[in-house]
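Reader: Could you walk me through this fold, chain by chain and strand by strand?

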Amino acid sequence: MLTRRDFLRRGVVVVSAGLALPPIFTRGVHAAINEGMLSAATNNRVLVIVQMAGGNDGLNMVVPFGDSSYFDLRRTVRIPADQALPLDGGTGLHPSMGKLKELWDGGALAVVQGVGYPNPNLSHFRSMEIWQTANLNDVRSDGWVGKYFDRVIDENGHVIDGVAVGQGTPMALRSSKAAVAVVQSLETYRMLPDPAFPQDTDPRVNLLLNMYKAYPQKAPYAALLSHVAEGAHRSSEALRATTKDYKPAVAYPTNGLGNGFKLLAQAINGDLGIKVFHIGLGGFDTHAGELNAQARLLQQLSDGLHAFYRDLEAHGRAQDVLVMTWSEFGRRAQENASAGTDHGTAAPLFLIGGQVQGGLYGEAPNLSAMDNGNLRHTVDFRSVYATVLDQWLGAPADDVLGGRFERLPFIGAAVGGIAAAG
Amino acid sequence: MGTTAAIAGPLKQLISRRGFISASMLPTIEGLKQAAPKDGPSDPPPNPLADPSVRVAHLLRRAGFSGSKSELDGYTALGFEATVDYLLNYDAVADPIQERLDAFDFDSDDREALRRWWMIRMVHSTRPLQEKMTLFWHGLLTSGFSKVNSAGLLRRQNEFFRANALSNFRDIMRGISKDAAMLIWLDGRGSRKQHPNENYARELMELFTMGEGNYTEQDVLQAARAFTGWRVSQEGEVTLSRTAFDGGSKTFLGRTGRFSAGDIVDIILEQPATAAYLSRRLFSFFAYRNPPPPFVEMLSGVYFNSGYDIKAMVRAILLSEEFSSATAYRSQVRSPVDLAVGVHRAWGLETDGQYPANGARNMGQDVFDPPNVAGWPGGPAWLNSASWMSRANFVNGLVIRRKGPPATVIDLSSVVAANGISGPKQFKAFVTRLLLDGNLSPEVDALLSEYLFGSQPLTLEPRSLDRKGRTLVYLLMASPEYQLL
């Protein structure tokens, strides 16, 4: 049987020989379907995870303007009722999210309110671990997406299972088996040659990769080093091959997030068999001067998501994509004296896509019944994950998450999932 | 080649200061050589660090940023323990770095210039451990341009770390608690007693001193009250406002009093959790991750017995059996700064700071701009597809000819001439020793030998050095072994 490692080795030869790419890249998915692990309806479906790092102030993103307690708690760090973009009679989006409101009006945006978990942890890092591992206890657990990769992407897998835009591999995608490409821009994502000897370009790279394969398995970091080197070379060849066939249909915002979304649209259009994408925006840790800082960030997010969605629509791919946002926690209901807010707990998150059933889900936390000044969550974040896993990706959600969590009806055409194994 | 002078100067100083040896005797020192470390119970034989020259190279990588050929030879002759002393007692070493920095017209508020300024220091300093500790503090007690938005204040913070690199943890923690850049980074600036800002109080305990799980949310709230009142003027002057400071009684970690910011720091420093946390952080930085618990206990003892003396702790680590054990050898993923600076130091390259600063940024470590308040996670997190490619491309840029001033790229013909390299086999041995202790796995070594000495074998002619010699140097610096420290 061909192991993933063998496959990757052969793949190096295939790619450098310039053979056609697509059959190789989609083969993992086909194999998984044939083995009944993955529902055929999910074949083209991808998940895009958008991290809002630092702890986003959910109360000012989805504003409970119908609740007078909100205005009591927020004397200065507040969104006036007449500025919120209304989603219903008492709830509205932050005024800088006009583009996202358009998607709401088109029925492509679901807002889940009050998302959190029991015994909330107010440390950025511990709470990020909890969100990314979906494990409230074990610090060393694999990422929740990594666990999904391990279960449904077969050993002969793709060249790339996941792509993260940015500097590092997000913990959510961490697994010992999956190949996750981390890309900042496609322009720089390539191995540079010695220009004095162009004829040596391929042999030189191959010799280097052979050194990584020859590196003894028992030596320090052997698995990581060989995995990273092979994955880097092969994913760069694969991703760069998509450049030829893709032209953005919209003008993306000219910032890091906009460029990142454009890269994702290109990779999705390239049909590389990549199931999960991760992209992030930082700076939400607004302990001081929150109003301006958060407005700027939410506008970037809203404009970026809107451009991405419209571009996918124009390429006929909006039905295949589900976007999910998350942040490690919301912020304290009561503002502090630096015109900011400190670390808090539950917050809303967004789901966007052509098959999303738009609307409000969950329940906004009660501002009059808090826990030591912190919002009580009404929806466990693992319910959102469970829904995404089995109703969108057709994955064994209960197995991945290690337990059964209530599903939310935000997917319009749920695939029904595969029954939890056993 | 300025490297020989650079090492000879400080060594001479040390030698005359210590008075036990004359500079002319350097190449023939025997008596100072350190005996090979005993293998610990968990050490699988053989330990590459049993070789005195490898052990010194390991020390220079960890307590500095790798060594040049002359540094490796000179310190090996001096011996391991004397080299530890020399690195630790850097106050006695002249550091002519200011002349280099004066030559640059850095605008004090230019972010690019600030990164270059520090890179020049790391590449050219005669006090590598002082710069390495400055990097340690920048990673632990971090602040970043993304929020501080002032190169001047970040430079001041960096100078504070440098001045206190091996000083007392109390001075460091009291100082950083009222450092202008830190007050901006963690929102101490403008925090008032009416609604104290919790940011600094929380991260002080979680990330800087004790670690999560050693305090309660109530302790965060109480400490936050003691950190109220700080103001930072436009010019970066830090003052305490009596009216904004909460001088009332606080109960913190089981003690009650009208605590000030300094009192809170002092209480934190007395905690065993702080001793253990700092011990683990220092040991992980110099030796390897997950230090053995008995060692943490021993190092915590050093922390308390020395009155929080960082130099005593670092000395205990560098001289420990663990530091020179097989477990420690190549146990760390080489950080981007270690790679960018280390390549320059190993080859004795000149730099205006730009190439290493941009390189480290592309590899995932943009100095003065950490990813978040916890600094860089480091370890395996340094390696992913993008950062690995940036590493290969960074070293590529130093071996292919780039436009630029002389001595900023690796010139193999000069290296061959300067070191009296007599043939292609000697050339391979020289670069393998310089970069990788001469220690390659047989499998990797066989691949390289086949490439070098198979068809069209390497010669020392310029054309062959350009083609195969350069490729060898590229491959070694992009190799799996070189990504480790």
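Author: Here are a few questions and answers on this predicted model.

Reader: What share of the 422 residues in chain A is buried?
Author: Start with the make-up: chain A holds 13 helices and 12 strands. Of its contacts with a separation of 6 or more, 73% are between residues 24 or more positions apart. As for the buried residues of chain A, their share is 54%.

Reader: Which helix of chain A gives the most to the largest nonpolar core?
Author: In soluble globular proteins, nonpolar side chains tend to be buried together. Here the largest nonpolar core counts 260 residues, and those with the most contacts inside it include L264(A), I352(A) and I317(B). With nine residues, the top contributor from chain A is residues 290-314, helix α11.

Reader: Which residues does M324(A) touch, leaving out those up to four places away in sequence?
Author: M324(A) is among the core residues with the most contacts inside it, and so are L47(A) and L351(A). Both of those turn up again as neighbours of M324(A). The full list is L47(A), I49(A), V50(A), L349(A), L351(A) and V388(A).

Reader: Why is strand β8 of chain A largely enclosed by the rest of the structure?
Author: Look at residues 276-281, which form β8(A). The strand is largely enclosed because the buried ones number five of the six.

Reader: What is the bridge partner of L47(A) in β8(A)?
Author: Strand β1 (residues 46-52) runs parallel to β8(A), with six bridges between them. Strand β6 (residues 162-165) also pairs with β8(A) in the parallel sense, over three bridges, and there G162(A) stands opposite V276(A). For L47(A), the partner in β8(A) is V276(A).

Note on methods: Residues numbered from 1 in each chain as written. Chains lettered and ligands numbered in written order. Predicted model: local features only at pLDDT ≥ 70, side-chain atom pairs only at ≥ 80, totals over all residues. Core = buried A, V, L, I, M, F, W, Y, C linked by C-beta atoms within 7 Å. Buried ≥ 20, exposed ≤ 12 C-beta atoms within 10 Å, placed from the backbone. Helix = DSSP H or I, 4+ residues; strand = E, 2+ residues; numbered from the N terminus. Contact = placed C-beta atoms within 7 Å. Pairing = 2+ DSSP bridges.
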